[in-house]
Amino acid sequence: IPAALAAANDGLGRRGVMVLGDDALTRLANIDTVVFDKTGTLTRGEPRIVDILMLDGSDPDLARRIAAALESGSGPPLARAFADAAAAPADAAELIPGQGITGRVDGVAYQLGRAGFAGVGADDGGVWLAREGVAFARFEIRDPMRPEVPELIRTLQGQGMQIWLASGDGERAVAELALAAGITRVRARLSPEDKLALMREQQARGRRVLMVGDGINDAPVLAGADVSMALAGGSSMAQRSADLL
């Protein structure tokens with residue numbers, strides 16, 4: 001057994017997978033359910049702004065710079081959408097997991113995130129920017145799916161795995177990716193606590209869960225899964241919570 005595990009660890013290492021958790025491979029052999037995060041996991045982690053709607057007629061470039069200042073300390077993947085709008089980091093920036101970011105730019109308080117977080121009633125899947133609680137800009141952001149995802153999902157389903165897509169993103173973007181990937185069990189607009197509750201629900205039914213994610217929002221569910229896998233390009237918090245990297 002030690003020789004077999006050593007050979008397996010070496011083989012995985014050659015393919016870019018580090019085994020970090022004790023007995024991770026033994027536990028991995030028993031899983032029957034895989035829960036995937038979306039952004040940065042099944043997508044490339046290369047978000048791009050495809051549209052900016054200004055509600056007050058002001059300069060879209062200014063909105064981009066303010067959003068870049070707020071996102072500059074948040075880490076991937078959403079920050080990459082604003083990477084080309086150079087800006088100094090916002091003051092007193094605070095990340096609210098599953099909601100957005102608050103901070104001050106030139107002494108003014110801003111909020112960037114979900115519609116409700118930015119003071120807009122209905123959640124439409126966009127990223128909204130508000131000044132002192134009043135929304136004035138909306139960003140439409142797209143992140144393309146990794147090309148190997150459909151084959152990955154078919155392979156796992158062929159092995160009898162139950163597949164879930166659990167994301168904090170909006171309903172439309174999550175549904176579009178799920179359809180393209182061939183995933184039928186889908187949950188959108190989940191907070192970190194919601195993701196953990198979904199996994200606990202599956203475990204309570206006797207299922208053994210592998211969680212695959214990359215973001216700060218995924219850290220709680222990665223820590224609670226039977227086995228967890230984080231992407232090397234993701235947040236350090238997710239990586240520290242994972243059995244495999």
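Leaving out neighbours up to four places away in sequence, Q202 is in contact with Q162, W164, R207 and V209. Q202 sits in helix 6, and it counts as buried because its relative accessible area is 1%, under the 20% cut-off. All of this comes from a predicted model. Here's a walk through the surroundings of that residue, then over to the other sheet and the cores.

**Helix 6**

- Helix 6 covers residues 192–204, so to speak a 13-residue element, and it reaches 18 Å from its first C-alpha to its last, close to the 18 Å expected at 1.5 Å a residue.
- Which residues of helix 6 are buried? They are P192, K195, L198, M199, Q202 and Q203.
- These buried residues sit on the same side of helix 6 because they cover an arc of only 135° around the axis.
- As background, residues three or four places apart in an α-helix point the same way, because there are 3.6 residues a turn.
- On the face turned away from the buried side, helix 6 carries the exposed residues E193 and A204.
- The buried residues of helix 6 pack against strand 8 (162–166), strand 9 (185–187), strand 10 (209–213) and helix 7 (219–224).
- After helix 6 comes G206, which has a positive phi, near 90°.

**The five-stranded parallel sheet**

- Strands 9-8-1-10-11, in that order, make up an open sheet of five strands with parallel pairing.
- Strand 9 and strand 11 (227–230) are at the edges; each has a single partner strand, so one side of each is left without a neighbour in the sheet.
- Ignoring direction, neighbouring strands of this sheet are turned by 20° against each other on average.
- Four bridges pair strand 10 with strand 11 in the parallel sense, and V212 stands opposite M229 in strand 11.
- Helix 6 packs on this sheet, where it touches strand 8, strand 9 and strand 10, and its direction makes about 165° with that of strand 8.

**D32, in a loop by strand 1**

- Look for D32 in the loop between helix 2 (24–28) and strand 1 (33–36).
- Is D32 buried or exposed? It is buried, because its relative accessible area is 16%, and the cut-off for buried is under 20%.
- D32 and M161 are 129 residues apart along the chain, yet their C-alpha atoms are separated by 4.9 Å.
- Not counting residues up to four places away in sequence, D32 touches G160, M161, Q162, G206, R207 and R208.
- Two names there should ring a bell: Q162 and R207 are also among the contacts of Q202, and G206 is the positive-phi residue that follows helix 6.

**The six-stranded antiparallel sheet**

- The other sheet described here is open too, with six strands in the order 2-7-6-5-4-3 and antiparallel pairing.
- Its edge strands are strand 2 and strand 3 (91–96), each of which pairs on one side only.
- From one strand to the next, the twist averages 20°.
- Strand 6 is mostly covered, with four of its five residues buried.
- On one side, strand 6 runs antiparallel to strand 5, joined to it by four bridges; here G113 stands opposite W128 in strand 6.
- Strand 6 also pairs with strand 7, again in the antiparallel sense, over five bridges, and W128 turns up once more, this time opposite R138 in strand 7.
- Strand 6 and strand 7 form a hairpin with two residues between them, and E132 in the turn has a positive phi of about 55°.

**Nonpolar cores**

- How many residues does the largest nonpolar core have? There are 22, and those with the most contacts inside it are L70, F82, L129, F136 and F139.
- Two or more residues each come from strand 2 (48–54), helix 3 (60–71), strand 4 (100–105), strand 5 (108–113), strand 6 (127–131) and strand 7 (134–142).
- Helix 3 gives the most to this core, namely six residues.
- With neighbours within four places in sequence left aside, F139 is in contact with I49, D51, I52, A63, R64, A67, F82, L112, G126, V127 and L129.
- There's also a second, separate core, with 21 residues, including L25, I163, A178 and I183.

Note on methods: Residues are numbered from 1 along each chain as its sequence is written. This is a predicted model: local features need pLDDT of at least 70, side-chain atom pairs count only at pLDDT 80 or more; totals for chains, interfaces and linings use all residues. Side-chain values use heavy atoms; hydrogens and water are left out. The expected span of a helix is 1.5 Å times one less than its number of residues. Buried means under 20% relative accessible area, exposed over 50%, partly exposed in between (1.4 Å probe, protein chains only). The arc is that of the directions from the helix axis to the C-beta atoms. Contact means heavy atoms within 4.5 Å. A nonpolar core is a set of buried Ala, Val, Leu, Ile, Met, Phe, Trp, Tyr and Cys residues joined through side-chain atoms within 4.5 Å. Two strands pair if DSSP finds at least two bridges between them. Axes are lines fitted to C-alpha atoms, for helices over the stretch in contact, and angles run from 0 to 180 degrees between N-to-C directions.
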